[in-house]
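Here are my notes on the model you sent over. Have the structure open while you read them.

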Amino acid sequence: MIGAGFMGKAHALAYASLPMFFWPAPARPVRALVVEATEPQAREAAERLGFERGTDDWQRAVTADEIDVVDVCTPNFLHKEAVLLAAAHGKHIICEKPLATNADDAKEMLAAVERAGVVHATAFNFRHTPAVVYAKKLISDGVIGDVLDFRGTYLQDWPADPSFPRTWRFDRKLAGTGAIGDIGSHVIDFARYLVGEVAQVCATANTYVRRRPLPGSNELRTVDVDDQFTSLIRFAGGQTGSIEATRNAYGRHNYLTFEIHGTAGSILFDYEKRDQLRLAVADEARDRRGFTTIYTGPDHPYGDALWPGPALGNGYAETKIIEAYEFFRSIAEQRSADPSFVDGYRAARVVEAIAASTEIGSWTQVRS
Ligand code: NAI
Ligand code: SOE
């Protein structure tokens, strides 16, 4: 695993927990080697996250014979090089989102893993939330009829205070984009997973805090990425919709939602109430029409592996444990993972189109 920050912790926990939740496990992840920016950081990460060894030499780590799987949890700008070297050495790869800082790099990464014939996954973990997988089933079963439109949001407030430092997420060279790629990509993944390919977008964006202090200093530097965007979207299947995301919505902490309307009903999901899915169906008596709240539990996707009662509370960690299970199961069964680099690449093309549309202020085609 390369990078032992926020995501490094979540992934390490998932590898340790996988056999506890999914037994017999399709494969047992062995935490062999963790890479960090410096040797002391790597040693500490190995001890803290339960890895056999730590190193600051990512090239040697990625190409080591004893390594079967490479997990990329670094800032976005470091994803591509690590993935290309790992693919060239036949390693199965899971890479955090967004796959790369731009869509052309994501395309090159996809080509490399396909050429190498390895299993590859993009870490869009929110789609593994049991309520989201259940929504997919309800839509596939036709419970809400034909989908008409999709509304998705991802609203946060962690850097709303202008004194929040200019970390790598506020630097275009290191992140690629701001809210569009960082949190918008999760909503784009929901839209693609639940409805289909996005064909056209028309978007606008804002940078509200234009200068932020460098970490550990009062020196102010320019922020060259978006803090917020709103986009209209048209799906290849003819449906329409909207996606919006911001980092400057005081009171909204991790408000990742979708609402889908169909010819026979509607579905509503709010990650801040992630054990719930709300369903409204047309063939309900007029005086009882409205949203029913379904609490996920043993009768829902992954229910037999998670907790033995409805609404006991699945958290962020469980979405990562399910992600690890699906990835290692794909390796054990020698088949492609879901979501794969194809999903990472397609999302990158939508991010690219949204960013381009914010520049020209008009409808923009999503490139294939
Ligand atoms: P972070 O800043 O918390 O951690 C990144 C780690 O990478 C740091 O510990 C840093 O020291 C290390 N690092 C930097 N340069 C390195 C190098 N050359 N070699 C080895 N390690 C190096 O960042 P965070 O939040 O963990 O984000 C990492 C990735 O995960 C990003 O691509 C981000 O978009 C994605 N992410 C995904 C989430 C999800 O829900 N799927 C949630 C948060 C982040
Ligand atoms: C910050 O916006 C962040 O950590 C994103 O990078 C993640 O992808 C999201 O899951 C939580 O918020």
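The points below go from ground rules to strands, cysteines and empty spaces.

1. Ground rules. This is a predicted model, in which local features need pLDDT of at least 70 and side-chain atom pairs count only at pLDDT 80 or more, while totals for chains, interfaces and linings use all residues. Residues are numbered from 1 along each chain as its sequence is written, chains are lettered from A and ligands numbered from 1 in the order in which they are written, and side-chain values use heavy atoms, with hydrogens and water left out.

2. The open sheet. Nine strands make up an open sheet with mixed pairing, in the order β15-β14-β13-β12-β6-β11-β10-β7-β16. Its edge strands, β15 (292–295) and β16 (364–365), each pair on one side only. Strands here are DSSP runs of E of at least two residues, helices runs of H or I of at least four, both numbered from the N terminus; two strands pair if DSSP finds at least two bridges between them. At the β15 edge, β14 (residues 276–281) runs antiparallel to β15 and is joined to it by four bridges. One of the bridge pairs is Q276 with Y295.

3. Strand β4. Take a look at β4 (residues 92–95), which is covered on both faces: H92 and I94 are buried on one side, I93 and C95 on the other. (Buried is under 20% relative accessible area, exposed over 50%, partly exposed in between, with a 1.4 Å probe and protein chains only.) Strand β3 (residues 69–72) pairs with β4 in the parallel sense over four bridges, and V69 has H92 as its bridge partner.

4. Cysteines. Why does C95 not form a bond with C73? The two sulfurs are 8.3 Å apart, which is too far, and C73 holds the closest cysteine sulfur to that of C95. A disulfide is a pair of cysteine sulfur atoms within 2.5 Å, and the count comes to zero. C95 itself is buried, at a relative accessible area of 0%.

5. T55. This residue sits in strand β2 (residues 53–55) and is buried at 13% relative accessible area. Beyond its neighbours within four places in sequence, T55 contacts L33, V34, V35, E36, E39, A42 and A61; contact means heavy atoms within 4.5 Å.

6. Pockets. The largest pocket has a volume of about 620 Å³. Of its 28 lining residues, F6, M7, K97, R169 and D182 are the closest to its centre. Helix α1 (residues 6–21) gives the largest share of that lining, three residues. The second largest pocket holds about 420 Å³ and has 23 lining residues, with V30, A32, I67, D68 and V69 nearest its centre. Its lining divides into 17 nonpolar, one polar and five charged residues, and β3 gives the most, three. (On a 1 Å grid over the protein atoms alone, a pocket is an open set of points with protein on both sides within 12 Å along at least five of seven lines; a cavity is a set where a 1.4 Å probe fits but cannot get out; lining residues have an atom within 4 Å of a point.)

7. Cavities. There are two cavities of 30 Å³ or more. The largest, of about 70 Å³, has a lining that includes P130, W307 and N314. The second largest has about 50 Å³ of space, and its lining includes I94, H128 and D338. Helix α10 gives the most to that second lining, with three residues.

Key:
Grid points are joined across faces, edges and corners, and a volume is the space filled by probe spheres set on the points. Ala, Val, Leu, Ile, Met, Phe, Trp, Tyr, Cys and Pro count as nonpolar, Asp, Glu, Lys and Arg as charged, and the others, Gly among them, as polar.
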